[in-house]
Amino acid sequence: MTTTNSKNSTAALTPLFAKDYNVYINHTDAGGIVYHANHLVFFENCRRDWFGQIGLNGYFLQTDNGDIQHFVVSQADLQYKRAILLDEVISVRVDKVELKPASMIFYQSIHRHMVGSTATDSSNSLLSSGKIVIACVQNQVQAEPISNDKSDTTAANNAPMRPIRVPHKLRSAIEQAISEQIGS
């Protein structure tokens with residue numbers, strides 16, 4: 001997918017996925033404005049819902065030999081444009097995805113839901129946008145229990161997870177979703 005250097009390039013693209021969410025009191029501060037960290041929660045919920053739509057059952061994948069692979073956020077860069085308010089309906093979007101060997105970069109946005117608006121007519125409705133890097137990792141199974149002996153540093157040196165390549169099934173599903181969006 002090509003991008004432009006325009007400030008509003010996210011708004012001009014048809015999103016890969018968009019879903020409306022209601023803003024409840026638990027999302028907001030005392031003034032009825034969505035707390036800044038909850039923008040990340042809405043982005044996360046949208047990614048999870050998109051994964052479900054393209055046939056992926058969540059963030060945990062099991063390999064043929066029983067290893068568990070999953071995802072962790074390794075970077076989040078957010079830009080807040082306008083306040084999100086209590087009782088609003090917002091459209092949260094996956095605008096673009098870049099697949100790297102061991103990570104995925106999601107470009108997402110939150111828009112004020114406007115009755116009768118289209119995905120490409122949303123430059124005035126942008127509330128926030130984000131670039132979120134998701135790293136693929138695999139849990140490391142500890143062969144021995146952690147010792148209570150303070151001099152034993154073996155457990156401290158064993159990382160609980162290691163980076164891995166983006167699983168083929170996930171990569172294929174995302175590539176297909178991107179190609180379908182480009183073709184439409």
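What share of the contacts in the protein with a separation of 6 or more comes from residues 24 or more positions apart? Those residues account for 71% of such contacts. Contact here means heavy atoms within 4.5 Å.

**Before you click**

This is a predicted model, in which local features need pLDDT of at least 70 and side-chain atom pairs count only at pLDDT 80 or more, while totals for chains, interfaces and linings use all residues. Residues are numbered from 1 along each chain as its sequence is written, and side-chain values use heavy atoms, with hydrogens and water left out.

**Stop 1: the whole chain**

Show the protein as a cartoon. You should find four helices and seven strands. Both are DSSP runs, numbered from the N terminus: helices are H or I with at least four residues, strands are E with at least two. Follow the sequence and the pattern reads α-β-α-β-β-β-β-β-α-β-α.

Now switch on the surface. The protein exposes about 10800 Å². Carbon and sulfur atoms supply 50% of that area. Accessible areas come from the Shrake-Rupley method with a 1.4 Å probe, and for residues only the protein chains shown count as cover.

Of the 184 residues, 37% count as buried. Buried means under 20% relative accessible area, exposed means over 50%, and partly exposed lies in between (1.4 Å probe, protein chains only).

**Stop 2: strand β6**

Select residues 126–139, which form β6. Is β6 largely enclosed or open? 12 of its 14 residues are buried, so the rest of the structure largely encloses β6.

Next, look for its pairing strands. Two strands pair if DSSP finds at least two bridges between them.

- Add β3, which pairs with β6 in the antiparallel sense over 11 bridges. Pick V72: its bridge partner in β6 is A135.
- Add β5, which runs antiparallel to β6 and is joined to it by nine bridges. Pick Y107: it stands opposite K131 in β6.
- Add β7, residues 161–163, which pairs with β6 in the antiparallel sense over three bridges. Here Q138 stands opposite R162 in β7.

Turn on the side chains while you are here. In a regular strand the side chains alternate between the two faces of the sheet.

**Stop 3: the loop before β6**

Select N124. It lies in the loop between β5 (103–112) and β6. Is N124 buried or exposed? At 62% relative accessibility, N124 counts as exposed.

Add H111 and draw a C-alpha to C-alpha distance. N124 and H111 are 8.6 Å apart in space and 13 residues apart in sequence.

**Stop 4: salt bridges**

How many salt bridges does a search of the whole structure find? It finds six. A salt bridge is a side-chain nitrogen of Lys or Arg within 4 Å of a carboxyl oxygen of Asp or Glu.

Select D49 and K19. Their side chains meet in a salt bridge, 3.3 Å from N to O. D49 lies in helix α2 (residues 37–53) and K19 in strand β1 (residues 17–22), so the pair ties together parts that are 30 residues apart in sequence. D49 is partly exposed, with a relative accessible area of 27%. K19 is also partly exposed, at 34%.

Move to R112 and E88. Their closest N and O atoms are 2.3 Å apart in this salt bridge. R112 lies in strand β5 and E88 in the loop between β3 (68–80) and β4 (89–99), so this pair links parts that are 24 residues apart in sequence. R112 counts as partly exposed at 23% relative accessibility, whereas E88 counts as buried at 15%.

Now try helix α4, residues 168–183. Select E175 and R171, whose side chains meet in a salt bridge with an N to O distance of 4.0 Å. The two are four residues apart in the helix, separated by about one helical turn. E175 is partly exposed at 40% relative accessibility, and R171 is partly exposed at 22%.

Then select K96, E98 and K100. Salt bridges that share partners join these residues into one network.

**Stop 5: two cysteines**

A disulfide is a covalent bond between the sulfur atoms of two cysteines. The test used here asks for a pair of cysteine sulfur atoms within 2.5 Å. How many disulfides does the structure hold? It holds zero.

Finish with C46 and C136. C46 is buried, with a relative accessible area of 0%. C136 is buried too, at 1%.
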